[in-house]
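Thank you all for coming. I would like to take a few minutes to walk through one model with you, going from the whole chain down to individual helices.

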Amino acid sequence: MEKTECHKKLMEVGTRLFSEKGLHGVSIRELSLAAGTSISMISYHFGSKEGLYQEVLRQQFDCFKEIHQIRERVTDPVAMVESYLLWTFRRHRNNPYLLRFYTSELTNPTAFFEPLVMPVIDEVIVTMAGVIEEGIRQKKFREDVDPTNAALALAGMVNYFFLSSLATKNLINHTPEKDELLVRQYLEIFTCGVGVPGR
């Protein structure tokens, strides 16, 4: 196996196994056997099992940086909330292992949580809190809303759709074809609420 192919194979195997068992649940031997290579190749390419996990984690969370490009492109606060929802749906669809790493690092953080995971999540929340604050200034959102709490509620709403997919498969259609409809509904819930006006 060529070095570049070996590196790619270890990344693929590492992504799958680490997402299933976590950093501490996977042995170096298991990784090397699954990749069809020697243990020494893990050391050669990544320094250690932890080094491989670090690169897998970096690759998984790299997509969070797209929030800045979206924000530069979308200036209207309401349109930005919609763009965020669409982007989050797309992010989870295109990165099927991301949610496992996301929840694992949030609930059982490794040494890589603070340097790799927390900063990118923080950037998204701070960005969206800024969007909501701008919407408040433009009188598109309520003045009594805390921007950070609203950003967290927005993230929780859309991320929980994917987190709960197994438990809610009999309650809601989780196929990608329904994503745009769900985004519109989530946007309505977020911007208008579920209460009847005046009651």
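Let me begin with a question: of the 199 residues of the protein, what percentage count as buried? The figure is 41%, and I should say straight away that it comes from a predicted model, as does everything else I will describe.

As for the overall fold, the protein contains 10 helices and 0 strands, so that what you read along the sequence is simply α-α-α-α-α-α-α-α-α-α. The C-alpha trace spans about 65 × 35 × 30 Å along its principal axes. If we take the contacts with a separation of 6 or more, 68% of them are between residues 24 or more positions apart.

Turning to the surface, about 11,500 Å² is exposed, and carbon and sulfur atoms supply 53% of that area. On the charged side chains, there are 23 positive and 25 negative ones, and the centres of these two sets lie 5 Å apart.

Now to the N-terminal part, where UniProt, in an unreviewed entry, lists residues 4-64 as "domain: HTH tetR-type". In the model, that span is 77% helix and 0% strand, with its end C-alpha atoms 26 Å apart.

Helix α1 covers residues 3-21, and its 19 residues reach 26 Å from the first C-alpha to the last, which is close to the 27 Å expected at 1.5 Å a residue. Its buried residues are Cys6, Leu10, Met11, Val13, Gly14, Thr15, Leu17, Phe18 and Ser19. It may help to recall, when looking at such a list, that an α-helix has 3.6 residues a turn, so residues three or four places apart point the same way. Which helices help to cover the buried residues of α1? They include α2 (28-35), α3 (39-46), α4 (49-61) and α7 (98-107). After α1 comes Gly22, whose phi is positive, near 80°.

I will finish with α4, which has 13 residues and reaches 18 Å from its first C-alpha to its last, close to the expected 18 Å at 1.5 Å a residue. Buried in α4 are Lys49, Gly51, Leu52, Tyr53, Val56, Leu57, Gln60 and Phe61, a list in which you will notice a lysine, Lys49, alongside residues such as Leu52 and Phe61. The buried residues of α4 pack against α1, α2, α3 and α7, and also against α8, which runs over residues 113-137.

Methods: Residues numbered from 1 in each chain as written. Predicted model: local features only at pLDDT ≥ 70, side-chain atom pairs only at ≥ 80, totals over all residues. Heavy atoms only, no water. Helix = DSSP H or I, 4+ residues; strand = E, 2+ residues; numbered from the N terminus. Buried < 20%, exposed > 50% of the residue type's maximum accessible area, 1.4 Å probe, protein only. Contact = heavy atoms within 4.5 Å. Areas by Shrake-Rupley, 256 points an atom, 1.4 Å probe, with all protein chains shown as cover. Lys, Arg positive; Asp, Glu negative; His and termini not counted. Charge placed at Lys NZ, Arg CZ, Asp CG, Glu CD. UniProt positions renumbered as here; feature names shortened; annotations may be inferred. Expected span 1.5 Å × (residues − 1).
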